[in-house]
Amino acid sequence: MENVIEVKNLTKEYKSLKAIDELSFSVQKGEILGLLGPNGSGKSTTINCILSLLNFQKGSIQIFGKEMKPDAYDIKRSLGVVFQDVAVLEELTVYENIDYFCGLYIEEQETREKYIKEALKLVGLEEFQKFYPKQLSGGLLRRLNIACGVSHKPKLIFLDEPTVAVDPQSRNNILDGIKELRNQGATIVYTTHYMEEVELLCDRVIILDKGHILASGTCDELKLLAHIEEKITVEGIQLEENQMQKLEKLKNVEDMLYSNDTLVMTYQKGKNNLVDFIEYLKKEKIRYSKIYSERPTLNDVFLELTGKELRD
């Protein structure tokens, strides 16, 4: 596969802090790469270095087989960037905003008009062309932000938390739009804290922390890294302290969490955990309203690798 991005031994320091330390990875043509990590992991620094918005002390970055530099305008014309903070012009309408940003790359008016219409359709804003940003809901505003960033049909797109704080309808629209961009041939680097989005969209995932790659691979490959084998959730269950102590001692139990009449049991191994657990509850005459089992999720792996402590 052809590599669109090649990062080798990238190191970025802020005084005594190494935000990125000897980081190396590639992004293949036509894929959606999920770049994940907790706050302070180095995601934003990595992207800003790739875009030549930050200087770095060591390493090399190539895009489309060429060295990426601040004055590499031939490369930058093929890039689309949508940052988490919405960046549109309040005094311009939806159509005028897209026209302005598209016009930075596309001079020919007929082509630009065609691209604007396609961008409006991509994000579902055809009916809002004459609206001003202040008249849009949060979800519509984010969709406008995406349209402005991709209207010139870039070959490589960076999307930073594009669905944060939007309603489910806008979120679905944005995710469908991202799939369509990939179907049209774009390569996408995607950052988010929503693991379900990663599983829906990403062909491959890199998990960063403290400037290092902790793991990389497909979602299924990463799930194999999970320390736990199975997670059983019981809803509508009321337990006494002595009952909880007994549950913790059951065979293969790795961890247990009980809150608001919901019990979550994680198992390190075993094939009949659910059957055995149901039999145990029946024997002890412990009532519940719902019980189900699931395999480790990408979120479970992410927390195992990066820790469960809060980050600033």
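**Exercise 1. The setting of Ile 228**

Ile 228 is found in the loop between helix 8 (219-223) and strand 11 (230-235). In this predicted model, determine whether Ile 228 is buried or exposed, and state which residues Ile 228 touches beyond those up to four places away in sequence.

*Solution.*
Step 1. The relative accessible area of Ile 228 is 11%. A residue counts as buried when this value is under 20%. Ile 228 is therefore buried.
Step 2. Leaving out residues up to four places away in sequence, the contacts of Ile 228 are Glu 254, Thr 266, Tyr 267, Gln 268, Pro 296, Asp 300 and Glu 304.
Step 3. Sequence separation and spatial distance can be set side by side for one pair: Ile 228 and Lys 269 stand 41 residues apart in sequence, and their C-alpha atoms are 6.9 Å apart in space.

**Exercise 2. Met 244**

State in which helix Met 244 lies, and which residues Met 244 touches, not counting those up to four places away in sequence.

*Solution.*
Step 1. Met 244 belongs to helix 9, which covers residues 241-248.
Step 2. With residues up to four places away set aside, Met 244 is in contact with Leu 239, Met 256 and Tyr 258.
Step 3. For the pair Met 244 and Ala 87, the separation is 157 residues in sequence and 51 Å in space, C-alpha to C-alpha.

**Exercise 3. An open sheet**

Give the order of the four strands in the open sheet, and explain why one side of strand 2 and one side of strand 5 are left without a neighbour in the sheet.

*Solution.*
Step 1. The strands follow the order 2-1-4-5, with antiparallel pairing.
Step 2. Strand 2 (17-28) and strand 5 (66-67) stand at the edges and have a single partner strand each, so one side of each lacks a neighbour in the sheet.
Step 3. Next, the pairs are taken in turn. Strand 1 (residues 3-14) is joined to strand 2 by eight bridges; within this pair, Glu 13 has Lys 18 of strand 2 as its bridge partner. Five bridges link strand 1 to strand 4, where Val 7 is partnered by Ile 61 of strand 4. Strand 4 and strand 5 are joined by two bridges, and Ile 63 pairs with Lys 66 of strand 5.
Step 4. The hairpin of strand 4 and strand 5 has two residues between the strands, and Phe 64 takes a positive phi near 55 degrees there.
Step 5. Helix 1 (residues 43-50) lies across strand 1, strand 2 and strand 4 (58-63), and runs at about 65 degrees to strand 2.

**Exercise 4. The largest cavity**

Find which helix gives the most residues to the lining of the largest cavity, and how the lining residues divide into nonpolar, polar and charged.

*Solution.*
Step 1. There is one cavity of 30 Å³ or more, and the largest cavity has a volume of about 50 Å³.
Step 2. Its lining consists of Leu 122, Val 123, Ile 146, Asn 173, Ile 174, Gly 177, Ile 178 and Leu 181.
Step 3. Helix 4 (109-123) and helix 6 (168-183) are the elements that give two or more residues to this lining. Helix 6 gives the most, with five residues.
Step 4. Six of the lining residues are nonpolar, two are polar and none is charged.

**Exercise 5. The whole protein**

State how many helices and strands the protein has, and what percentage of its residues count as buried.

*Solution.*
Step 1. The protein has eleven helices and 14 strands.
Step 2. Of its 312 residues, 45% count as buried.
Step 3. Among contacts with a separation of 6 or more, 67% come from residues 24 or more positions apart.
Step 4. Along the principal axes, the C-alpha atoms fill a box of roughly 75 × 50 × 35 Å.

Conventions
Residues are numbered from 1 along each chain as its sequence is written. This is a predicted model: local features need pLDDT of at least 70, side-chain atom pairs count only at pLDDT 80 or more; totals for chains, interfaces and linings use all residues. Side-chain values use heavy atoms; hydrogens and water are left out. Contact means heavy atoms within 4.5 Å. Two strands pair if DSSP finds at least two bridges between them. Axes are lines fitted to C-alpha atoms, for helices over the stretch in contact, and angles run from 0 to 180 degrees between N-to-C directions. On a 1 Å grid over the protein atoms alone, a cavity is a set of points where a 1.4 Å probe fits but cannot get out, and a pocket is an open set with protein on both sides within 12 Å along at least five of seven lines; lining residues have an atom within 4 Å of a point. Grid points are joined across faces, edges and corners, and a volume is the space filled by probe spheres set on the points. Ala, Val, Leu, Ile, Met, Phe, Trp, Tyr, Cys and Pro count as nonpolar, Asp, Glu, Lys and Arg as charged, and the others, Gly among them, as polar. Buried means under 20% relative accessible area, exposed over 50%, partly exposed in between (1.4 Å probe, protein chains only).
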